[in-house]
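Student: Please give me a close look at one part of this model, at the level of individual residue pairs. I would like a single connected account that also places this part among its surroundings.

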Amino acid sequence: DTSTSKLVGSGVPPAMGPILLSYPSTASGGEPATTQLMGGESEEDMVVGHQMSARLAQKVGMPIYVCCSIHSTPAPSAGEGGMGMVGAGMMESEAPTGFGGSLGQKAAALAEREVGRILLERKRSMER
């Protein structure tokens, strides 16, 4: 098997975000070629996914697919017996979605770093 997939998340079923594909540059110092294969509801997810896929493709030297739903994922609820947003008197349609601002940026950076580490590890083991 020569493919690797990794889901990074909280266990909350994510909304499907945009899907992007990046190929590493063949020219020294060139930018990876990136295209959006499928759109999503959040423009922020598209921008973050584009950046993540381009950097990961360049880092690992192989094509990378990224589906990003950091900003459009529903906010987690407190679960059974807890007071989530909806349980606190807020209608489900009013509950905030995703990780906005710096929290979203941190989540994306951590996910990108972990996925990059896993892909490089996998690539090295395949080369042996």
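**The sheet and what packs on it**

Tutor: Leu21 stands opposite Thr35, a residue of strand β2. The model is predicted, so local features need pLDDT of at least 70 and side-chain atom pairs count only at pLDDT 80 or more, while totals for chains, interfaces and linings use all residues. Residues are numbered from 1 along each chain as its sequence is written, and side-chain values use heavy atoms, with hydrogens and water left out.

The pair just named belongs to a region where β1 and β2 run antiparallel and are joined by five bridges; strands pair when DSSP finds at least two bridges between them. Strand β1 (residues 19-23) is also antiparallel to β3, with four bridges between them. Here Leu20 has Val66 of β3 as its bridge partner. The outcome is an open, antiparallel sheet of three strands in the order β2-β1-β3. Its edges are β2 (33-38) and β3, each of which pairs on one side only. Neighbouring strands are turned against each other by 25° on average, direction ignored. Helix α1 (residues 43-60) packs on this sheet, touching β1, β2 and β3, and its direction makes about 30° with that of β1. Contact here means heavy atoms within 4.5 Å; axes are lines fitted to C-alpha atoms, for helices over the stretch in contact, with angles from 0 to 180 degrees between N-to-C directions.

The edge strand β3 (residues 64-67) has two faces: Ile64 and Val66 are covered, whereas Tyr65 and Cys67 are uncovered. Tyr65 joins Met16, Leu37 and Met38 in a nonpolar surface patch of about 450 Å². Areas come from the Shrake-Rupley method with a 1.4 Å probe, only the protein chains shown counting as cover for residues. Patch residues have over 30% relative accessible area and no salt bridge, with nonpolar side chains (Val, Leu, Ile, Met, Phe, Trp, Tyr) joined within 5 Å and like charges within 9 Å. Met38 lies in strand β2 and is partly exposed, with a relative accessible area of 38%; buried means under 20%, exposed over 50%, and partly exposed in between (1.4 Å probe, protein chains only).

The helix on the sheet has a further link. Arg55 and Glu112 form a salt bridge at 2.8 Å, N to O, the cut-off being a side-chain nitrogen of Lys or Arg within 4 Å of a carboxyl oxygen of Asp or Glu. Because Arg55 lies in α1 and Glu112 in helix α2 (residues 101-127), the pair ties together parts 57 residues apart in sequence. Glu112 counts as buried at 13% relative accessibility, whereas Arg55, at 45%, counts as partly exposed.

For the wider setting, the protein has two helices and three strands, which run β-β-α-β-α from the N terminus. Helices (H or I) need at least four residues and strands (E) at least two, as DSSP runs numbered from the N terminus. Of the 128 residues, 30% are buried. Among contacts between residues at least 6 apart in sequence, 65% join residues at least 24 apart.
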